[in-house]
Amino acid sequence: MSKKKNVQEMTTDEIKHEVRKAYSIVAGRGTQSSSPCCSSSTASEESSSSQSSCCDSLRNKSGEASNADCCGTSASPRAAEYAKSMGYDLSEIPNAASGSFAGCGNPVALAGLKQGEVVLDLGSGAGLDAFVAARRVGKTGRVIGVDMTPKMLASARRSAAEMGLANIEFREGDIEDVPVKDNSIDVVISNCVINLAPDKAKVFKESYRVLRPGGRLMVSDIVLNEELSEEDRNNIAKYTGCLAGAILEDKYLNYIRNAGFEKVSVVEKEGWGQAVSARIEAFKPKV
Ligand SMILES: C[S@@+](CC[C@H](N)C(=O)[O-])C[C@H]1O[C@@H](n2cnc3c(N)ncnc32)[C@H](O)[C@@H]1O
């Protein structure tokens, strides 16, 4: 069997290819009766190096899960149960969306969405955050989800149709080059995705570009309290599992500030150890 390349040896296209492959598997989980969000990967997934759960990155170095993380303390909690534990209201949400949930927080909960707002979800996956946002912004508002994994997009579109949502659309695209017009969005949300982007500075510049003046960014993501070992940093399974692409919190916040945002702050943090889930907010200046 050929040895997997180190992350450092891979081009950004190769990294994105691995990310897509990993999340194609997650997209299929929502349709299975048992859909572990965070248990260790199945044998077939491991053979394709697709340790595709952000939850794994919230384990501490000895492999224990933090109480506050999505892995909980039980062996294999399901994605939907994890989402509920973070305050998601899953009534009328199709199983495909809750079962393939792969977030590490609940960015919509603090986004203070209002009726009529236009929301962009970066890396919308199977659509859970986008669906919750669509309920909040109502018929006069709109939600756009962007993702680069066709199976996630197909699942999200099927669920949107099942829910009869007319104020939502899912676009195929890269969050480093967002297929959305300048100054057209009120709120950018994202859940456990930006750590997977090789060029995070670009993601924040794109978020700034699409937001209207005064618009806000509200993301949940994995950030590091301490640097990773070279070995971890180079492991593609840990990259797709939301650990190896994560960066130190200060660096993350600086990328946001350097994109032009103001009032950048960490609103909440969950977990402990090397990698934690942080909820971060920032604003595009009004003028
Ligand atoms: C950990 S999952 C999170 C999905 C969703 N936000 C949720 O909370 O369930 C990461 C998602 O981001 C998408 N993604 C990763 N990198 C991306 C990129 N550069 N551009 C667009 N989508 C990306 C993946 O396809 C996947 O659906």
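**A guided tour from Ala244 to the sheet and the ligand**

Begin by selecting Ala244, which is buried because 21 other C-beta atoms lie within 10 Å (buried means 20 or more such atoms within 10 Å of the residue's own C-beta, exposed 12 or fewer, partly exposed in between, with C-beta atoms placed from the backbone). The model is a predicted one, in which local features need pLDDT of at least 70 and side-chain atom pairs count only at pLDDT 80 or more, while totals for chains, interfaces and linings use all residues. Residues are numbered from 1 along each chain as its sequence is written.

Ala244 sits in the loop between helix H10 (236–240) and H11; helices (H or I, at least four residues) and strands (E, at least two) are DSSP runs numbered from the N terminus. Next, display the contacts of Ala244 (C-beta atoms, placed from the backbone, within 7 Å). Beyond its neighbours within four places in sequence, Ala244 touches Val7, Leu228, Asp232, Arg233, Asn235, Lys238 and Tyr239. Add Leu196: its C-alpha atom is 8.4 Å from that of Ala244, although 48 residues separate the two along the chain.

Now select helix H11 (residues 249–258), which lies across E5, E6 and strand E7 (275–283) and runs at about 150° to E6. Angles run from 0 to 180 degrees between N-to-C directions, with axes fitted to C-alpha atoms, for helices over the stretch in contact.

Colour the strands next. Seven of them form an open sheet of mixed pairing, in the order E3-E2-E1-E4-E5-E7-E6; two strands pair if DSSP finds at least two bridges between them. Strand E3 (168–172) and strand E6 (262–270) are the edges, each with a single partner strand, so one side of each has no neighbour in the sheet. From one strand to the next, the twist averages 20°. H6 packs on this sheet, touching strand E1 (118–122), strand E2 (142–147), E3 and E4, and its direction makes about 165° with that of E2.

Zoom in on strand E4 (residues 185–191) and strand E5 (residues 211–224), which run parallel and are joined by six bridges. Asn191 has Ser220 as its bridge partner in E5.

Asn191 also leads to the ligand: among the 26 residues around it, Gly103, Gly123, Gly125, Thr149 and Asn191 come nearest (a residue is near if its C-beta atom, placed from the backbone, lies within 6 Å). Finally, select helix H1 (12–29) and helix H6 (128–137), each of which supplies at least two residues of this shell. H1 gives the largest share, three residues.

Technical notes. Contact = placed C-beta atoms within 7 Å.
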